[in-house]
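User: I should like to learn how to read the features of a protein model, beginning with its interior. Could you guide me through one case?

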Amino acid sequence: MANILCIETSAAVCSVALSVGGEVVAVRESDGGREHAGNIGVFADEILRANNLEAEDLDAVAVSSGPGSYTGLRIGVSFAKGLCYGLGIPLISVGSLASLAEVVNEDYQTGVLSVENWDKALLIPMIDARRMEVYTRVFDTQCNPLSAVEAKIIDAESFAEERATAKSEGREIIMFGDGAAKCREVLSEVRYVEVAPSARGLARQAQRAFEQKRFESIAYFEPYYLKDFVVTKSTKNPLAK
């Protein structure tokens with residue numbers, strides 16, 4: 001069974017998990033702000049020590065690949081690349097929205113989340129992209145994608161097709177993630193659940209990728225930002241007293 005270190009830094013949560021054969025055996029995470037650079041190595045070391053493992057016992061490293069926070073993604077991917085290069089093991093990427101959908105799936109399977117007609121529900125994870133915009137994608141409850149990844153500005157017409165289909169077929173739409181709060185006032189007929197990004201959401205897809213040998217280039221892999229990074233210029237005069 002493969003030992004895979006899973007890393008999630010696409011949002012405010014810094015999360016590291018150890019997956020053995022696709023099952024999460026340990027998680028270490030913090031939502032205390034964007035302190036990923038200081039936490040990620042500490043969390044990885046603590047998890048390995050707690051499970052009596054050395055870094056050399058890892059078979060691969062999986063990392064959340066985006067979209068999400070530009071800085072957070074770069075920190076996670078850089079750390080993952082460094083481990084993989086130093087240990088000579090494969091690098092695996094898992095989309096941030098797919099990972100978030102997997103967390104909801106796991107919460108349902110373990111009884112944390114209750115949903116009637118679960119098999120017919122639509123899962124819509126959302127990652128905050130500032131103002132009224134989110135990064136999003138539609139999934140079924142098996143975490144199969146039903147739409148492309150997109151940056152969507154939320155208004156009363158958002159997800160009109162999915163909402164119409166859900167209404168006619170009696171399907172529940174479940175929205176979650178740090179961008180979902182933007183929808184509460186304009187999309188009242190959907191269900192909102194509190195779910196934070198977690199490295200445990202990478203485990204199942206990372207194991208599948210490992211078995212199928214779907215690895216990334218350690219040298220050339222880059223996070224999927226979806227949008228270009230924009231630097232905001234300060235209006236203050238640095239020479240002013």
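Analyst: The discussion below takes up the cores, a helix and a sheet in turn. Please bear in mind that this is a predicted model.

User: Which residues of the largest nonpolar core touch the most other members?

Analyst: In soluble globular proteins, nonpolar side chains tend to be buried together. In this structure the largest nonpolar core has 21 residues, and V16, V61 and V63 touch the most other members. Two or more residues each come from β1 (3-8), β2 (14-20), α1 (36-50), β4 (60-64) and α2 (70-87). The greatest contribution is that of α1, with five residues.

User: What does V63 touch, leaving aside residues up to four places away in sequence?

Analyst: The contacts of V63 include I7, G76, V77 and A80, together with L91, I92, S93 and V94. V63 also touches L202 and F221. There is, in addition, a second, separate core of 20 residues, which includes V103, L113, A121 and I127.

User: How should I read the burial pattern of a helix such as α2, and which of its residues are buried?

Analyst: An α-helix has 3.6 residues a turn, so residues three or four places apart point the same way. In α2, the buried residues are G72, L73, G76, V77, A80, K81 and C84. These residues lie on the same side of α2, because they cover an arc of only 155° around the axis. The exposed residues Y85 and G86 are on the face turned away from the buried side of α2. Among the elements covering the buried residues of α2 are β1, α1, β4, β5 (91-94) and α3.

User: What is the reach of α2 from its first C-alpha to its last, and which residue just after α2 takes a positive phi?

Analyst: With 18 residues, α2 reaches 26 Å, close to the 26 Å expected at 1.5 Å a residue. Just after α2, G88 has a positive phi of about 70°.

User: In what order do the strands of the open sheet of five strands lie, and which stand at the edges?

Analyst: Strands of a sheet pair through backbone hydrogen bonds, either parallel or antiparallel. Here the order is β8-β7-β6-β9-β10, and the pairing is mixed. The edges are β8 (150-153) and β10 (191-193); each has a single partner strand, so one side of each lacks a neighbour in the sheet. On average, neighbouring strands are turned by 35° against each other, direction ignored.

User: How many bridges join β6 to β7, and which helix lies across these strands?

Analyst: Three bridges join β6 (residues 122-128) to β7 (residues 133-136), and the two strands run antiparallel. One bridge pairs D128 with V134 in β7. Helix α3 (residues 96-109) lies across β6, β7 and β9 (173-176), at about 125° to β6.

How values were computed: Residues are numbered from 1 along each chain as its sequence is written. This is a predicted model: local features need pLDDT of at least 70, side-chain atom pairs count only at pLDDT 80 or more; totals for chains, interfaces and linings use all residues. Side-chain values use heavy atoms; hydrogens and water are left out. A nonpolar core is a set of buried Ala, Val, Leu, Ile, Met, Phe, Trp, Tyr and Cys residues joined through side-chain atoms within 4.5 Å. Buried means under 20% relative accessible area, exposed over 50%, partly exposed in between (1.4 Å probe, protein chains only). Helices (H or I, at least four residues) and strands (E, at least two) are DSSP runs, numbered from the N terminus. Contact means heavy atoms within 4.5 Å. Two strands pair if DSSP finds at least two bridges between them. Axes are lines fitted to C-alpha atoms, for helices over the stretch in contact, and angles run from 0 to 180 degrees between N-to-C directions. The expected span of a helix is 1.5 Å times one less than its number of residues. The arc is that of the directions from the helix axis to the C-beta atoms.
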